Amino acid sequence: MASNENHRITDVGTLKALAHPLRANLYRLLCAERVATASQLAEHVDEAVSLVSYHLRKLAEHGLIEEAEPQTADGRERWWQPASDGVSIRDEDFRGEPAKAAAHLAAIRLFHDQRADRYRRYLDERPTWSPEWNTASVDSESLMRLTPAELTALQGELEELLRRYDAQGRAAEAAGETEGREHVALYVYGFPFRF
């Protein structure tokens, strides 16, 4: 049974397992789909089912995903789901040792690059989306002067707000309200900078 909490990654092995480009994409897809087979995921990533199955097993070995209840009567299908509501990767868990810090930095850069690619893809596909979706889409930048404690508090409030909207959307979808509902990615970065 999937946990409603985020899985906090604190070891380099799990971080490296998730930081593989295909695995990171598969994990994201599985989070969006909630439950899927290797065959279904392979269609989205344009890879062989056997390769996708291998990478799903690697994610499962590290507790990031788990087998799900079968969704059909076909006993040959193996269904997967995220093992938790998401993952949390914190800088504080990878400080101190150069190898750990380097693995953390490489993973974060990969995730950022994949997010940027997804947003660029949306921009390229923007003409295919309805005016309502293009109006609702958000691209904003806020430059503030905060302390670390204030930025931490802001992050907590944003996460609480996101969880509320996610729960509301999932409940509406479970109640059959699917018209007009799409997957939505919201990326928020908060970091210090100097001129």
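A residue counts as buried when its relative accessible area is under 20%, as exposed when that area is over 50%, and as partly exposed in between. With this scale in hand, R34 is easy to place: its relative accessible area is 33%, so R34 is partly exposed. The structure discussed here is a predicted model, and the same scale helps in reading the rest of it.

The overall layout comes first. The chain holds seven helices and five strands, and along the sequence these follow the pattern β-α-α-β-α-α-β-β-β-α-α-α. Taken along the principal axes, the C-alpha atoms fill a box of roughly 60 × 45 × 30 Å. Of the 195 residues in the chain, 24% are buried. Among contacts with a separation of 6 or more, 63% join residues that are 24 or more positions apart.

A good place to start looking is the sheet. Three strands form an open sheet in the order β2-β4-β3, and their pairing is antiparallel. Its edge strands are β2 (36–37) and β3, each of which pairs on one side only. Helix α2 packs on this sheet and touches β2, β3 and β4, with a direction that makes about 90° with that of β4. Two bridges link β2 and β4 in the antiparallel sense, and in β4 the bridge partner of A36 is W80. On the other pairing, β3 and β4 run antiparallel and are joined by three bridges. Here E67 stands opposite W80, while I65 has P82 as its bridge partner in β4.

What happens to the side chains of β4 on its two faces? Both faces are covered: W79 and Q81 lie on one side, W80 and P82 lie on the other, and all are buried. In a regular strand, side chains alternate between the two faces of the sheet. Strand β5 (residues 86–89) gives a contrasting picture, with G86 and S88 pointing to one face and buried, and V87 and I89 pointing to the other and not buried. The pairing of β5 is with strand β1 (residues 6–9), in the parallel sense and over four bridges. In this pair, H7 stands opposite V87.

Attention now turns to the helices. The axes of helix α2 (residues 21–33) and helix α3 (residues 38–45) come within 10 Å and cross at roughly 115°. This crossing of α2 and α3 is right-handed. On the α2 side the meeting residues are L22, L26, L29, L30 and E33, and on the α3 side they are L41, H44 and V45. Sorted by class, this contact has six nonpolar residues, one polar and one charged.

Helix α4 (residues 49–61) allows a simple check of helix length. At 1.5 Å a residue, its 13 residues should span 18 Å, and its end C-alpha atoms are indeed 18 Å apart, so expectation and model agree. Which residues of α4 are buried? They are V52, S53, H55, L56 and L59. These buried residues pack against α1 (12–18), α2, α3, β3 (65–67) and β4 (79–82). After α4 comes G63, with a positive phi near 75°.

Positive phi values also appear in residues that are not glycine. Most residues other than glycine have a negative phi. R34, in the loop between α2 and β2, has a positive phi near 75°. D46, in the loop between α3 and α4, likewise has a positive phi, near 55°. Is D46 buried or exposed? With a relative accessible area of 70%, which is over the 50% cut-off, D46 is exposed.

One last stop is A172, which lies in helix α7 (residues 148–174). Its relative accessibility is 13%, so A172 counts as buried. Leaving aside residues up to four places away in sequence, A172 touches E177 and R181. A172 and N25 are 147 residues apart along the chain, and their C-alpha atoms are separated by 26 Å.

Technical notes. Residues numbered from 1 in each chain as written. Predicted model: local features only at pLDDT ≥ 70, side-chain atom pairs only at ≥ 80, totals over all residues. Heavy atoms only, no water. Axes fitted to C-alpha atoms, helices over the stretch in contact; angles between N-to-C directions. Left-handed = near helix turned anticlockwise from the far one by under 90°. Contact = heavy atoms within 4.5 Å. Nonpolar A, V, L, I, M, F, W, Y, C, P; charged D, E, K, R; others polar. Expected span 1.5 Å × (residues − 1). Buried < 20%, exposed > 50% of the residue type's maximum accessible area, 1.4 Å probe, protein only. Pairing = 2+ DSSP bridges.
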